[in-house]
Amino acid sequence: MIHRVVPKRIREKYRFQYRRFFFDKIFGDKERSKEAITISNYNITLPESELKQFFKFVKNGSFQKFFTVYTTDPYMESRGQRSTWLTKEFVRRDFPVLFFYWRWNKNEEIKRSQDPKVLSAPIDEFTRIEKHLFSLSSNQLKKVFLIEFPDSFLFEKVNIANLNSFVTVYDCIDDWEEFARAGQAVWYDPAVERYLVHNVDLVIATNLIIAERLKKMGAEYTPIIPNGVDINSMQNKMRYSKIIQKGTLTIGYFGHLSESWFDWDLLFRTASKRNDWVFHIIGYGEPSWLKFPENIKFWGKIEHRDLSSYAQSWDVAIIPFKKGRLTQAVDPIKLYEYLSLGLPVVSTNMPQLRRTPGVFISDRESFEET
């Protein structure tokens, strides 16, 4: 594979553009955006001694593989993200991980990992850490650089990783171009993603639609690796029994609630047709205009570890997403979490879910009949 050197004018164009408001522009999460504003008179950084200790631990250990994960969310099981589940599996297999995540600003407290095999660091610390990362060498150690979103900062870094014997991987978890069209990823530029596709060793997609799009960008081989979840993680986290209102049918949803993909009109219409049913909605990012009828109970954002305490009283879980390329290209992690709780799932039409046992596909007109 030929690894290209990006022109300086392009590097400068994308290096800082849009990055400050990256996360709230993707997800429209005003609540988290407000929480992220931390007042401080100094930058919060990882101590140099901590960095040296971690890389010494990796170099002197008898590890076979070492992973660098470059993603959006911090390493927190409470967020339930693909990058977290992958990292937990890497650790289970005795592979240490350097986990880079997005933070809002340098004054925000660093989300540290409690696992000695995981060094959690914000992306803005990358430049300081890379001297340790790219000088890491061991005859037996296979190094992998796993990228989950096409950040323009990686124009230079992906090639440096290639030159330092890393296996570079672009794990495309969403159709970022469709997120941009929906106004949820204004930072996105196809040139950045195309550059990654042509300069990494391996490109992975979460479903067929994304794989086909990446192939059009030039990806020669794109294996499909869907999302998943530790099947014991949800049941084992039931800390208490939450008493909730039940109906002749008790229905639940947890996850993000953006208007870009969540079909609020479908939910409200179904609730109005069946006022004997009770709907429990858990999540964040909901539109401000909402006024819930009596049989829709909105709980807001609930810790991931507490979801099973609510969901144990549900009869069925739903995924009421709007029709469009944005939702056609997603592989909802919530689906696997629902199924791990033993819940049947009713979803609007997403082709990638049709062959999944326990999932019932419906259209908008007959959603309540399914």
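Is serine 165 buried or exposed? Serine 165 is exposed, because its relative accessible area is 57% and the cut-off for exposed is over 50%. The model is a predicted one. Serine 165 sits in the loop between helix 7 (154-163) and strand 5 (166-172). Its phi is positive, about 65 degrees, although serine 165 is not a glycine.

Aspartate 94 can be described in the same terms. Its phi is near 70 degrees, again a positive value in a residue other than glycine. Aspartate 94 follows helix 5 and lies in the loop between helix 5 and strand 2. With a relative accessible area of 35%, aspartate 94 is partly exposed. Helix 5 itself covers residues 82-92, and its buried residues are Arg82, Ser83, Thr84, Trp85, Thr87, Phe90 and Val91.

Strand 2 and strand 5, the strands that border these two loops, belong to a sheet. This open sheet has six strands in the order 3-2-1-4-5-6, and the pairing is parallel. Strand 3 (118-122) and strand 6 (202-205) are at the edges; each has a single partner strand, so one side of each is left without a neighbour in the sheet. Neighbouring strands here are turned by 20 degrees against each other on average, direction ignored.

At one edge of this sheet, strand 5 and strand 6 run parallel and are joined by four bridges. Within that pairing, aspartate 171 stands opposite isoleucine 204 in strand 6. Helices pack on the sheet as well. Helix 6 (residues 126-133) touches strand 1 (65-70), strand 2, strand 3, strand 4 (142-147) and strand 5. The direction of helix 6 makes about 165 degrees with that of strand 2. Helix 10 (residues 208-216) touches strand 5 and strand 6, and its direction makes about 145 degrees with that of strand 6.

A second sheet comes next. It is open and has six strands in the order 9-8-7-10-11-12, with parallel pairing. Its edge strands are strand 9 (296-300) and strand 12 (359-362), each of which pairs on one side only. From one strand to the next the twist averages 25 degrees.

Strand 8 (277-284) is a useful place to look inside this sheet. How many of the eight residues of strand 8 are buried? Eight of the eight are buried, so strand 8 is largely enclosed by the rest of the structure. In a regular strand, side chains alternate between the two faces of the sheet. In strand 8, Trp277, Phe279, Ile281 and Gly283 are on one side, while Val278, His280, Ile282 and Tyr284 are on the other, and both faces are covered.

Strand 8 also has a partner on each side. Eight bridges join strand 7 to strand 8, and the two run parallel; threonine 250 has valine 278 of strand 8 as its bridge partner. Strand 8 pairs with strand 9 in the parallel sense over four bridges, and here isoleucine 282 stands opposite glycine 300 in strand 9. Strand 7, helix 11 and strand 8 together make a right-handed β-α-β unit.

Further along the sheet, strand 10 (residues 316-319) and strand 11 (residues 345-348) run parallel and are joined by three bridges. Alanine 317 stands opposite valine 345 in strand 11. Helix 11 (residues 264-273) packs on the sheet and touches strand 8, strand 9, strand 10 and strand 11. The direction of helix 11 makes about 155 degrees with that of strand 8. Helix 14 (residues 333-340) packs on the sheet too, touching strand 7 (249-256), strand 10, strand 11 and strand 12, with its direction at about 140 degrees to that of strand 7.

The last topic is the nonpolar and aromatic residues. The largest nonpolar core has 108 residues, and those with the most contacts inside it are Phe66, Tyr70, Tyr170 and Leu214. Strand 2 (residues 97-101) gives the most to this core, with five residues.

Across the whole structure a search finds 30 aromatic pairs. One is formed by tryptophan 264 and phenylalanine 268, whose ring centres are 6.1 Å apart and whose planes are at 80 degrees, so the pair is edge-to-face. Tryptophan 264 and phenylalanine 268 are separated by about one helical turn, because they are four residues apart in helix 11. Tryptophan 264 is buried, with a relative accessible area of 3%. Elsewhere, ring pairs link Tyr70, Phe100, Phe126, Phe134, Phe145, Phe149, Phe153 and Phe166 into a cluster.

How values were computed
Residues numbered from 1 in each chain as written. Heavy atoms only, no water. Pairing = 2+ DSSP bridges. Axes fitted to C-alpha atoms, helices over the stretch in contact; angles between N-to-C directions. Contact = heavy atoms within 4.5 Å. Buried < 20%, exposed > 50% of the residue type's maximum accessible area, 1.4 Å probe, protein only. Right-handed = clockwise from strand over helix to strand, strands pointing away. Core = buried A, V, L, I, M, F, W, Y, C linked by side-chain atoms within 4.5 Å. Phe/Tyr/Trp six-rings, centres within 6.5 Å; stacked < 30°, edge-to-face > 60°.
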